[in-house]
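Work through the following exercises with the model open beside you, and try each task before reading its solution.

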Amino acid sequence: MKLVGSLTSPYVRKARVVLAEKKIECEFVIDSPWVDSSGVPDLNPLGKIPVLLLDDDTRLYDSRVIVEYLDGVAPNNKLLPSTARERALVKRWEALADGMTDAAVTIVLERRRPDDERSAGWIARHRVKIDRALVALAADLGDNAWCHGNGITLADIAVGCALGYLDFRMPELDWRAAHPNLARLQEKLMQRPSLADTVPRE
């Protein structure tokens, strides 16, 4: 198998963390869809990363599809529950964390536009999404040690990657002061090699 992606993408990081937690051997091929010579559009018609290339040349894309496949293909260290309700609750955590990341990515891209094309209103709209998502994540976590159940799941991985992206691209956000329980979770997650070794970098 090969995972195609960049060192900065939080969605690629989520897949890399799952690969590490599941102890699945997989070649990591660095490619960015933002580079003119990128081969990503040939692998994913949407031109997005990550893309997982299976040994039979099947291509899986969208991080949620990839991580669910990886959890199912290896029986060890299960990250998704087997029952429908519990699985849906973990996937809801992932959806909220990914949605917060989507809003952050939108802000990052908008800030890169020329001054006369940049929309302060658009940035503000997505900043509200981030703030509301942080409040919801913190409320759902409460005093629990993990997002769901008694150990690490895909919920924690998704939240950890989302918070890591905020640190990477929006360091001005003081989310730790406002949500100390999320800060504690992130500190614990960063002690795991899977997350510590995949911190986004240019």
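**Exercise 1.** Determine how α1 and α3 are oriented relative to each other, and which residues make their contact.

*Solution.* In this predicted model, α1 and α3 pack at an angle of about 5°, and their axes are 9 Å apart. Angles under 35 degrees count as roughly parallel, and α1 and α3 are therefore roughly parallel to each other. On the α1 side the contact is made by Tyr11, Lys14, Ala15, Val18, Leu19 and Lys22, while α3 contributes Ser63, Arg64, Ile66, Val67, Leu70 and Asp71. Sorted by character, the residues of this contact divide into 7 nonpolar, 1 polar and 4 charged.

**Exercise 2.** Work out the strand order of the open sheet of 4 strands, and then place the two helices α1 and α3 on it.

*Solution.* The order is β2-β1-β3-β4, and the pairing is mixed. From this order, β2 (27-30) and β4 (59-61) stand at the edges with a single partner strand each, so one side of each is left without a neighbour in the sheet. From one strand to the next, the twist averages 25°. Strand β3 (residues 51-53) pairs with β4 in the antiparallel sense over 3 bridges, and within this part of the sheet Leu53 stands opposite Arg59 in β4. Helix α3 (residues 63-73) packs on the sheet, where it touches β3 and β4, and its direction makes about 120° with that of β4. Helix α1 (residues 10-22), in turn, lies across β1 (2-5) and β2, running at about 155° to β1.

**Exercise 3.** Identify which residues have the most contacts inside the largest nonpolar core, and which helix gives the most to it.

*Solution.* This core has 58 residues, and those with the most contacts inside it are Met100, Ile130 and Leu166. Helix α6 (residues 154-169) gives the most to the core, with 10 residues. Leaving aside residues up to four places away in sequence, Ile130 touches Met100, Ala103, Ala104, Ile107, Leu166, Met170 and Leu173.

**Exercise 4.** Examine the backbone at Lys23, Asp62 and Pro50, and locate each residue in its loop.

*Solution.* Most residues other than glycine have a negative phi, and most peptide bonds are trans. Lys23, in the loop between α1 and β2, has a positive phi of about 55°, and with a relative accessible area of 66% Lys23 is exposed. Asp62, in the loop between β4 and α3, has a positive phi of about 85°, and at 43% relative accessibility Asp62 counts as partly exposed. Finally, Ile49 and Pro50 are joined by a cis peptide bond with omega of about 5°, and Pro50 is placed in the loop between α2 (40-43) and β3.

Terms used. Residues numbered from 1 in each chain as written. Predicted model: local features only at pLDDT ≥ 70, side-chain atom pairs only at ≥ 80, totals over all residues. Heavy atoms only, no water. Pairing = 2+ DSSP bridges. Axes fitted to C-alpha atoms, helices over the stretch in contact; angles between N-to-C directions. Contact = heavy atoms within 4.5 Å. Core = buried A, V, L, I, M, F, W, Y, C linked by side-chain atoms within 4.5 Å. Buried < 20%, exposed > 50% of the residue type's maximum accessible area, 1.4 Å probe, protein only. Parallel < 35°, antiparallel > 145°, perpendicular 65-115°, else oblique. Nonpolar A, V, L, I, M, F, W, Y, C, P; charged D, E, K, R; others polar.
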